[in-house]
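Colleague: I am new to this one. Please show it to me, and then let me ask about the terms you use.

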Amino acid sequence: MRLVQFTALEGTTTVAVVEGEKLRFISKFTSTYELARSAISKGIPLEKLIESHLTVKRTDYLEVIESGRLLSPIHHPEPAHFWITGTGLTHSGSAATRDAMHKALQEEDLSDSMKIFKMGLEGGKPRHGEKGVQPEWFYKGNGTSVIRPNGDIDLPDYAMDGGEEPEIIGFYLIGADGHPYRIGYALGNEYSDHIMERINYLYLAHSKLRQCAFGPELLLGELPASVTGNVSVIRKEQPIWSKAFSSGADHMIHSLANLEYHHFKYDLFRTPGDLHGHFFGTATLSFGDGLKIEEGDQFQIESDTFGMPLRNTLKKRKSEPWEVRRL
C-alpha cells in the first residue's frame with residue numbers, strides 16, 4: 001500500500017491510497033501523521049486502520065500532479081518537531097566500486113572515511129540482540145527544510161554546488177510510550193554541496209544544504225531487500241545524465257535495524273509526538289561522474305517500488321541580508 005498527500009480542490013490537505021492512475025480518499029483523517037498517531041493509540045496496524053476508512057471517492061492522480069496540488073507524503077503540523085537526519089557510507093555500490101574499495105581496504109594507511117567503511121563491512125549487520133558498529137551520521141534539518149515533489153529546490157549563493165543524492169528515507173513517529181514506530185519509506189533526494197564536502201570530510205555538516213525532498217508516495221509495510229531504480233538530470237527537457245541505483249538490505253553494509261538503533265538510542269530522539277525522516281545513504285551521484293549542475297536542471301529519481309518519480313528543479317537563491325544583533 002502506498003499513500004500520497006495533496007491539496008483538495010476546496011483547499012484542505014487530503015491523504016489517499018494510490019490505486020494505479022487513481023487516488024482513493026481516506027475518510028476522517030486529513031494527513032498521514034494523523035493516521036499514524038491514531039494507529040499507535042489504538043494499537044492496530046496502520047494498513048488495517050486505513051482499510052477501515054477507505055471511501056468510494058477517487059480522483060485522477062495525474063490531474064493532481066499537473067495542477068500542482070501534490071504534497072510530500074508526510075509532514076508534522078509543527079515543522080520544528082520533524083527531525084530530518086541521515087547516514088552515510090552505508091552502501092556497497094556497484095561491483096566495480098566494491099572491488100576498488102576492497103583493494104583499498106588492504107592498504108595499511110586508510111583514510112578516516114575508509115576506516116568507517118571497513119568498520120561497517122565488519123560490524124554493520126549484527127545478529128539479533130547484538131549491537132553493531134555506529135554508522136556515519138548527520139543532521140539535515142527539520143520540517144521547514146522539506147521541498148514538495150515537483151517543487152523548486154534552492155541553490156543558495158553561499159553554496160559551491162548543489163547535487164542530487166538518490167536515497168531511500170524511512171519515517172518514524174514517536175508514540176506516547178516513547179517508542180519509535182516505523183511508518184514507511186519513500187524515495188528521497190538528500191541534496192548536498194559535493195564540492196564543499198570534497199575539500200575536507202570535516203565539512204560534511206556544512207555540505208548538507210538543509211533542503212531535501214521525498215515522495216511523492218509513501219510505501220507502507222516492509223522495505224524489499226533489493227530496491228532498484230534510476231536517477232537522471234534533465235536539462236532543457238533532455239536527459240544529460242542517467243544512472244541506475246540500488247538500495248535495500250542486499251546493497252547495504254549496515255542493516256536497517258542497526259541504523260535505527262544508533263539513531264534512536266539517544267533519548268532526545270524518542271520525544272513523544274516527534275516525527276523523524278532518516279535518509280539511509282546512496283552510492284550513486286552525478287557529481288561522481290563529473291557533471292556540473294546548472295540552474296534549471298531537473299533531478300528525477302524513480303523506482304517501480306515507489307510508484308511515481310520524484311522530481312525537483314534547481315533554482316538559484318540569493319540570501320536575504322541579515323546580521324547578528326545585540327539585545
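Modeller: Strand 15 (238-247) gives the largest share of the lining of the largest pocket, four residues. This is a predicted model, where local features need pLDDT of at least 70 and side-chain atom pairs count only at pLDDT 80 or more, while totals for chains, interfaces and linings use all residues. Residues are numbered from 1 along each chain as its sequence is written, and side-chain values use heavy atoms, with hydrogens and water left out.

Colleague: What makes strand 15 a strand?

Modeller: Strands are DSSP runs of E, at least two residues; helices are runs of H or I, at least four; both are numbered from the N terminus. Strand 15 covers 238-247, so it is a strand by that rule.

Colleague: Why is the largest pocket called a pocket and not a cavity?

Modeller: The search uses a 1 Å grid over the protein atoms alone. A pocket is an open set of points with protein on both sides within 12 Å along at least five of seven lines; in a cavity a 1.4 Å probe fits but cannot get out. Lining residues have an atom within 4 Å of a point. The largest pocket holds about 1100 Å³ of space. Its lining has 37 residues, and Leu89, Glu197, Thr282, Ala283 and Leu285 are the closest to its centre.

Colleague: What is the volume of the second largest pocket?

Modeller: About 280 Å³. Among its 14 lining residues, Pro45, Leu46, Tyr181, Arg182 and Ile183 are the closest to the centre. Helix 1 (32-42), helix 2 (46-51) and strand 11 each supply at least two lining residues.

Colleague: How do you know that strand 11 is mostly covered?

Modeller: Seven of its 10 residues are buried. Buried means under 20% relative accessible area, exposed over 50%, partly exposed in between, with a 1.4 Å probe and protein chains only.

Colleague: Why do you say that strand 10 and strand 11 pair?

Modeller: Two strands pair if DSSP finds at least two bridges between them. Nine bridges join strand 10 to strand 11, so the two pair, and they run antiparallel. Leu173 stands opposite Tyr181 in strand 11. Five residues lie between the strands of this hairpin, where Gly178 takes a positive phi near 85 degrees.

Colleague: What makes a nonpolar core?

Modeller: Buried Ala, Val, Leu, Ile, Met, Phe, Trp, Tyr and Cys residues, joined through side-chain atoms within 4.5 Å. The largest one has 33 residues, and Leu223, Phe280 and Phe306 have the most contacts inside it. Apart from it lies another core, of 27 residues, including Ala39 and Phe214.

Methods: Points joined across faces, edges and corners; volume = space filled by probe spheres on them.
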